Amino acid sequence: MTKIRIKAYGISKSYTRKNRKTQALKPTDIEIQSGSLTVVFGRSGSGKTTLLNILSGLLKPTDGSVHYDDKDIYSLSDRELSKLRAKAVGYIPQGQSGLSVLTVKENILLAAAAAGSDAEERGNELLGLVGLEALADAYPKELSGGELRRLAIARALINKPDVIFADEPTNDLDDENTRLVFGLLKRASIGGAAVVVVTHDSTAAGFADIVYRMDGGEIKLNKTEDINVTYSA
Amino acid sequence: MKLRYLPFRNIVKRPFRTAALLLIAAFMTAAVFGGSVAAASLKNGIDSLEQRLGADIIVVPESASAKTDLENMLLQGTPGYFYMDKSNEDKIKDIEGVELTSPQYFLVSANAECCTVQVQVIGFDEESDFSIKPWLKQSYDGSLGENEIIVGSSLSTRVGHSLKLYGVECKAVGKLDTTGTGLDTAIYTTPDTVRRLIKASQEKGIGVLSKQSPDDVISSVYVKVKDGYNISDIAAYINLNIDGVQAVRTRSMITGTADKLNVISGSIRILIIAVWILAAAIMTAAFSVLASLRKKEFAVLRTIGLSRRQLGGIVMTESLTICTAGAVIGLAVSAAGVLAFGRVIETKSGLPYLAPDAPKTALFLLMSLAAVIVTGTISSAWSAYRLSHVDTGNNLREGD
């Protein structure tokens with residue numbers, strides 16, 4: 001895994017809906033560090049998912065630029081950006097994101113296939129890591145919410161990405177699964193990845209190295225000491 | 001896990017969706033292929049009729065139209081017979097503008113003796129004939145001897161075998177290709193053989209001739225008009241100047257059938273276009289609805305690093321596979337229907353029906369296949385574009 005530095009300069013996002021302009025993200029500068037777990041807290045509609053998608057190369061900002069090391073990712077062609085996402089980025093979407101036609105293992109290995117690699121061994125290792133070994137041949141519809149989230153994490157980790165983005169990874173999960181999911185993300189950051197989690201689940205604070213708060217499209221850095229939960233994985 | 005397997009997993013693991021799309025593609029192909037073959041078969045039938053008539057005018061006894069349906073008999077081979085004095089041929093031959101004449105002799109077989117159905121026996125003069133011999137040559141190039149016959153394709157008698165007509169043993173020396181008309185149950189022979197058969201019928205008490213001798217009669221005269229002369233004028237001249245005969249323009253005889261056929265062919269073509277448009281609209285709608293339903297799936301694929309081109313490739317591979325499979329099913333069903341039931345269509349419609357030959361059928365097959373695949377591909381192209389240009393962030397949330 002290579003150390004990557006992600007820097008965003010003046011990124012903002014505006015939408016026009018029914019002739020009404022909404023600014024989901026106000027001009028923001030942010031830097032994401034390798035080997036750290038960055039948590040962005042915020043209520044629904046605060047703009048945290050917009051920020052995450054812009055940083056991960058999935059949503060072009062209205063203004064500003066995002067640099068992975070020295071590369072402005074939005075100046076890349078779709079093919080180049082997709083390739084970068086496949087190899088360097090792991091993304092854990094909100095909700096159920098397993099492809100229903102593939103088994104758990106195939107879902108995980110699909111991300112490796114997208115990056116052009118055959119990661120059978122790594123797939124088995126990850127299945128063990130996220131506790132889905134016994135469900136390797138099951139289909140997503142047979143899985144619980146927690147299991148589906150773990151599947152998404154394993155898929156995001158398969159290519160040993162430099163950076164992992166997670167959007168509300170513990171939504172609707174019980175305490176046990178919540179801690180399990182954050183624990184896995186923390187391990188990834190300890191392993192050297194830059195991990196960015198957007199959530200409104202305060203449990204995340206105990207695992208975070210850096211905490212931001214978002215409100216009305218504005219982001220502010222928080223001190224971790226402000227939150228009284230600690231990581232004990 | 002390979003990316004290229006994904007479209008096929010989508011097809012196999014979503015059986016209802018696949019079945020519905022297969023059905024649309026199959027229905028469309030069946031309509032395009034079946035309709036094209038049916039329309040071509042009807043056109044072939046009328047072309048074959050026109051070609052086989054070969055004459056500009058047919059002269060028959062005046063009483064012929066009353067005795068039997070002349071058009072049916074001459075065009076469709078509905079068994080019938082009539083006779084007139086053979087001197088009429090000489091009178092016609094002397095008319096200015098007449099290039100060639102050739103007499104023909106008709107007789108109907110007695111049921112029980114040879115065949116399960118009554119067959120039309122047609123005697124033609126090998127020396128003067130210009131209307132039958134050209135296409136008869138394809139099956140038999142020799143000269144017909146005593147009691148030798150050439151049989152229509154629908155008769156079970158094989159070349160070298162004999163059949164009995166009015167007790168006379170007749171040897172089949174040739175078998176004709178299918179014409180798609182009732183003439184497929186006809187027998188062709190020489191005037192001498194027909195005369196012998198007429199005599200034999202009289203000996204058996206089945207008198208087809210009451211007063212005259214078979215040697216003094218003919219059934220019809222086929223007339224070819226010289227270039228530069230008006231066929232209608234010559235037909236009118238014959239009708240006015242030769243007693244007891246009627247001259248019929250062959251073209252006018254097939255006009256009714258051709259008109260009927262044109263209407264049917266036109267209707268089939270309209271039906272093909274209507275089904276095509278309908279199927280294309282349904283396919284476009286189906287792919288469009290699917291695009292909406294699959295937003296999240298494609299957004300997830302974007303997050304793992306699939307490019308727009310790869311997503312478009314997945315959609316196109318799925319639609320191409322389904323359309324090809326559906327087209328093959330549709331072709332098999334319609335080929336079975338149209339080719340196997342061609343005879344039934346002919347009988348029920350009362351129209352000449354001659355299926356296209358293998359190369360032409362293969363061409364229709366390829367054209368139908370291409371039409372459906374191209375339509376399916378175009379129908380899914382918009383969906384492929386939409387899915388590959390998804391706003392990943394929004395679709396990840398909306399698609400839940």
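**Sheet of chain A**

I looked first at the sheet in chain A of this predicted model. I found an open sheet of four strands, ordered β2-β1-β4-β5, with antiparallel pairing. I then looked up which strands stand at its edges. They are β2 (20–32) and β5 (71–72) of chain A, and each of them pairs on one side only.

I took the pair β1(A) and β2(A) next. Strand β1 of chain A covers residues 6–17 and runs antiparallel to β2(A), to which nine bridges join it. For one position I noted the residue across: K7(A) stands opposite E31(A) of β2(A).

I also checked what α1(A) does here. Helix α1(A) packs on the sheet and touches β1, β2 and β4 (63–68) of chain A. I noted an angle of about 125 degrees between the direction of α1(A) and that of β1(A).

**Salt bridges**

I searched the whole structure for salt bridges and got 15 over all chains. One entry from chain A: R5(A) and E31(A) form a salt bridge through their side chains, at 3.8 Å from N to O. I asked what this pair ties together. R5(A) is in the segment before β1 of chain A and E31(A) is in strand β2 of chain A, so the salt bridge links parts that lie 26 residues apart in sequence. E31(A) is also the residue I had noted opposite K7(A).

**Sheet of chain B**

I moved to chain B and found an open sheet of nine strands with mixed pairing. I wrote down its order as β6-β7-β5-β8-β4-β3-β10-β1-β11. The edges are β6 (162–165) and β11 (245–249) of chain B; each has a single partner strand, so one side of each lacks a neighbour in the sheet. From one strand to the next I noted an average twist of 35 degrees.

Within this sheet I picked out β3(B) and β10(B). Residues 98–108 of chain B make up β3 and residues 220–225 make up β10, and the two pair in the antiparallel sense over six bridges. I looked up the bridge partner of V98(B) in β10(B) and found V225(B).

A helix packs on this sheet too: α9 of chain B, residues 231–241. I listed the strands it touches as β1 (57–61), β3, β10 and β11 of chain B. The direction of α9(B) makes about 170 degrees with that of β11(B).

**Where chain A meets chain B**

I counted residues in contact and got 29 of chain A against 25 of chain B. The two chains bury about 2400 Å² between them, and 59% of this is on carbon and sulfur atoms. I asked which three residues of chain A supply the most of the area it buries against chain B. They are D78(A), V101(A) and L110(A), with 22%.

Between the chains I counted two salt bridges. In one of them D78(A) meets R302(B), with the closest N and O atoms 2.8 Å apart. D78(A) had already come up among the three residues above. For polar contacts between chain A and chain B I counted ten residue pairs.

I then sorted the side of chain A that touches chain B by element. Helices α1 (48–55), α2 (78–88) and α3 (104–114) of chain A each supply at least two residues. The most comes from α3(A), with six residues. By residue type I noted 14 nonpolar, nine polar and six charged.

How values were computed. Residues are numbered from 1 along each chain as its sequence is written. Chains are lettered from A and ligands numbered from 1 in the order in which they are written. This is a predicted model: local features need pLDDT of at least 70, side-chain atom pairs count only at pLDDT 80 or more; totals for chains, interfaces and linings use all residues. Side-chain values use heavy atoms; hydrogens and water are left out. Contact means heavy atoms within 4.5 Å. Buried area is the accessible area (1.4 Å probe) that two parts lose on being put together, summed over both. A salt bridge is a side-chain nitrogen of Lys or Arg within 4 Å of a carboxyl oxygen of Asp or Glu. A polar contact is a pair of N or O atoms within 3.5 Å; within protein, one must be able to donate a hydrogen and the other to accept it, and residues adjacent in sequence count only if both atoms are side-chain atoms. Ala, Val, Leu, Ile, Met, Phe, Trp, Tyr, Cys and Pro count as nonpolar, Asp, Glu, Lys and Arg as charged, and the others, Gly among them, as polar. Two strands pair if DSSP finds at least two bridges between them. Axes are lines fitted to C-alpha atoms, for helices over the stretch in contact, and angles run from 0 to 180 degrees between N-to-C directions.
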